[in-house]
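Colleague: Please choose a single part of this model and take me closely through its surroundings. I should like to know what lies beside it and which open or closed spaces it borders.

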Amino acid sequence: MGCFKEVTQEGPGTNQHNDERSICLHAFSDLSHVPPATFIYLLKDCYVYGTNKATSKFKILMQLVKVALHNAPQPGPFTYAVQCMYIVPLLGKTYSEGFSHMLTSSLKHLKSVESVQKDFLDAKYLAAQLVLNILDSVVPHENRILVKLLETFEIELRDMAHALYGSELDDDLVKAREHLRQYVKCFMESESNAIAVALITRFSIQCCDESFLIKLIENYQLDIAEECATFMGKEMISLLIQKFLDMKMLKSANKLVKEHDLTEEFPDVSYLYKESLVKKLAEKGCWDIAEARAKKETKLVEYLVYLAMEAGYMEKVDELCQRYSLECYVDSLVPENVFCGSDYLDLKKLDVQEIVWVDEINGLLNATSCIEACKIIGMDCEWRPNFEKNSKPSKVSIIQIASDKIAFIFDLIKLYEDDPKVLDSCFRRIMCSSNILKLGFDIQCDLHQLAQSYGELECFQSYKMLLDMQKLFKGVTGGLSGLSKEILGAGLNKTRRNSNWEQRPLSQKQKEYAALDAVVLVHIFHEHIRRQPQFGVSEGCKAEWKSHVVSRVNSARRPLRF
């Protein structure tokens, strides 16, 4: 009952409020003599007086209602809930939909309780009558609540016939379906398609055709279109699959083909879907996952080799060819230089002289002294990708710091294990120096990841003279590669972005990729400054980039504990 502990500030009315709260809790503990109107009023009172955020209050009240419906509501929980649904709209739109959702959802777990089965059957008639009242706008509920009522009370055509004519004879069933058809037509005319399809499928009302299905697709009401097509039969399902294929919605098309056993009619859909999945993963740099999804299917693995070659990822090409004996396939493709010629920047084109790998303390001290002599540096960091849902992101593995000629790659994992105090001291000297302009791209994301990974270190909590190039060039799309292409005339090959950055040693290609991301920032900045005098705005340029420089000093220094 935690949500009811929060009461108003102490004062003359405090005792009265506590008394009201006690009455409220007592009422929920025994509903045998609490009429639906009182229950709804008390529910609203609980919501109004709660001091938690709306979502939190709603979740707590949901649990309370679930428990309360076990406490002898008369004549039973399902009938009681229907009676409450008549009253809820009187509270106004602020509460109506939320409380209605709360009531219907709370009934789901009661369906399996044997002692309330009779009440469930009795309540179906009352719920069907409520549905008719909603359809006739006598009781003002949203269409979403109408759908939930149909689902929760499992209302069938015979329930509607009974509510309309007091009988379930065949003639009355026909009349009931025709009666409901008129509502469906009105909903279709007003384009309230969700409720129209819900009524069509539940009560088997034949009043939609191919043109209606196409209209749903054109309006991108695809879930409703799928429900409608399933009701209409195989021909309409096939039409929907073809529409999905035309719209390149291969996942949805493949799902329908599987569910309705239409492989014979659409033999290529499964492969096309797998191929698109492999391509998406490769474009994201998730090569290992793409290979796993190929599942040793020769045609898919060959396609993955083609994608790797097209991206200029030749070590991946060699790796796949050796593993799957595809050397002959590679020989049949266009030569490598056609694929990866000079479309991308590399360290040679930027005249970078050296990449220095730093994984021991003496190297850290020397690198720090070298970086302190620079006026402008680029920064970036990498961590192993983690694609498991709801899992913590991996620890930052390396951080790259570079001038225009030399790049240092720091093995953070090892340096932190060896001597975290020295690591913290060296990076504080860099990060908090007001003599070094530090460039990054979306650098706040990197700093957040660093702080999460190495929260005990002070060096990633404070910084001075930090310039996020993403904010300086707001109009450029395509990430750092897009910015590089815009300013330097060539983009960056990002195929190794999601490689395993925790493996040791890193491959030479990984080191070059990591170094380039830091070096290119310095070159972009220099080129941006160089261009400005051509347009006669040299003084304004300095003011422009300086306005984006930020600093953050964490004054609450705390002792390091390792």
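Modeller: The following account takes one strand, its partners in the sheet, the helices against it, and the spaces that it borders.

The model is predicted, and local features are reported only at pLDDT of at least 70, side-chain atom pairs only at pLDDT 80 or more, whereas totals for chains, interfaces and linings use all residues. Numbering starts from 1 along each chain as its sequence is written, and side-chain values use heavy atoms, without hydrogens or water.

The part is strand β2, residues 376-383 (helices, H or I of at least four residues, and strands, E of at least two, are DSSP runs numbered from the N terminus). Seven of its eight residues are buried, so β2 is largely enclosed by the rest of the structure (buried: under 20% relative accessible area with a 1.4 Å probe, protein chains only).

β2 belongs to an open sheet of seven strands with mixed pairing, in the order β1-β4-β3-β2-β5-β6-β7 (a pair needs at least two DSSP bridges). At the edges stand β1 (354-358) and β7 (549-552), each of which pairs on one side only. In that order β2 sits between β3 and β5. Its two neighbours are joined to it in opposite senses: β3 runs antiparallel to β2, with six bridges between them, while β5 (residues 437-440) is parallel to β2, with three bridges. On the β3 side, C381 stands opposite I399. On the β5 side, I376 is placed opposite L437, and G378 faces L439.

Two helices pack on the sheet and touch β2. Helix α23 (residues 420-431) touches β2 along with β3 (396-402), β4 (406-411), β5 and β6 (463-468) (contact: heavy atoms within 4.5 Å). Helix α24 likewise packs on the sheet, where the strands it touches are β2, β3, β5, β6 and β7.

α24 and β2 also meet around an enclosed space. The structure holds two cavities of 30 Å³ or more (on a 1 Å grid over the protein atoms alone, points where a 1.4 Å probe fits but cannot get out; lining residues have an atom within 4 Å of a point). The second largest cavity encloses about 50 Å³ (points join across faces, edges and corners, and volume is the space filled by probe spheres set on them). Its lining consists of M379, D380, C381, I399, I443, D446, L447 and L450. α24 contributes the most, four residues, and β2 is the other element that supplies at least two. The opposed residues C381 and I399 are thus both part of the wall of this cavity.

β2 borders an open space as well, the second largest pocket, of about 480 Å³ (an open set of grid points with protein on both sides within 12 Å along at least five of seven lines). Its lining numbers 22 residues, and D380, E382, K494, R497 and D517 lie nearest its centre. Two or more lining residues come from each of β2, α24 (443-453), α26 (479-488) and α27 (508-531). The largest share, five residues, is that of β2.

D380 therefore deserves attention when β2 is viewed on screen. D380 lines the second largest cavity, and D380 is also one of the residues nearest the centre of the second largest pocket.

Methods: Axes fitted to C-alpha atoms, helices over the stretch in contact; angles between N-to-C directions. Buried < 20%, exposed > 50% of the residue type's maximum accessible area, 1.4 Å probe, protein only.
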